[in-house]
Amino acid sequence: MADTDHVELFTDGACSGNPGPGGWGAILRFNGHEKELSGGEPATTNNRMELTAVIEGLKALTRPCRVAVYTDSTYVQKGMTEWLAGWKAKNFKVKGGGYRVNHELWRELDELARKHDVSWHWVKGHAGHPENERADELARNGAKAASGA
């Protein structure tokens, strides 16, 4: 991949109540350009919105890239870097025979991430990180729209 195929992806999820109306926000930065994405669901959880933000950001890419994902969600960051291999080895099953919570989103994120060279970075939320603050604003707006407010 050419050096120009390096993308930064800043993501966040938000939920008004957990579960409740939720939203997600993503900022893609590529070659000096930025694209903002957001959306929401009327009944969801914060973790689902965190995952959806990264999924939608990766879906927006039109070709394989080097992607640096920045998230304030340890659930997403550790899920992709520490826990996913074990979950996949067990086909996302948990004790008692059911499936891991959000398994369908984890499967989708894994499939999308395998198309790219992804590095996963955790950033402290609500700590003045400009892109994280903007992604949070997009997510909160998505949650507000999903709630009908």
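**Exercise 1. Locate Asn-102 and describe its backbone.**
Start with the place: Asn-102 sits in the loop between α2 and α3 (helices here are DSSP runs of H or I with at least four residues, strands are runs of E with at least two, and both are numbered from the N terminus). Next, look at phi: for Asn-102 the angle is near 65°, a positive value in a residue other than glycine.

A word on the model: it is predicted, so local features need pLDDT of at least 70 and side-chain atom pairs count only at pLDDT 80 or more, while totals for chains, interfaces and linings use all residues. Residues are numbered from 1 along each chain as its sequence is written, and side-chain values use heavy atoms, with hydrogens and water left out.

**Exercise 2. Work out how α2 packs on α3.**
Step one: helix α2 (residues 74-89) and α3 pack at an angle of about 95°, with their axes 11 Å apart (axes are lines fitted to C-alpha atoms, for helices over the stretch in contact, and angles run from 0 to 180 degrees between N-to-C directions). Step two: α2 is therefore roughly perpendicular to α3 (65 to 115 degrees; under 35 counts as roughly parallel, over 145 as roughly antiparallel, and the rest as oblique). Step three: Tyr-75, Val-76, Gly-79, Met-80, Leu-84, Trp-87 and Lys-88 of α2 touch Trp-106, Leu-109, Asp-110 and Ala-113 of α3 (contact means heavy atoms within 4.5 Å).

**Exercise 3. Do the same for α1 and α3.**
First, helix α1 (residues 46-59) and helix α3 (residues 103-113) pack at about 30°, their axes 10 Å apart. The two are therefore roughly parallel to each other. Then list the partners: α1 brings residues including Leu-51, Ile-55 and Leu-58, and α3 brings residues including Leu-105, Leu-109 and Leu-112.

**Exercise 4. Find Pro-19 and the peptide bond before it.**
Begin with the loop between β1 (6-15) and β2, where Pro-19 is placed. Now check the bond: Asn-18 and Pro-19 are joined by a cis peptide bond, with omega about 15°.

**Exercise 5. Which residues line the largest pocket?**
The lining consists of Val-7, Leu-28, Phe-30, His-33, Lys-35, Ala-60, Leu-61, Thr-62, Arg-63 and Cys-65 (on a 1 Å grid over the protein atoms alone, probed at 1.4 Å, a pocket is an open set of points with protein on both sides within 12 Å along at least five of seven lines, and lining residues have an atom within 4 Å of a point). To finish, note that β2 (20-30) and β3 (33-44) each supply at least two of these residues.
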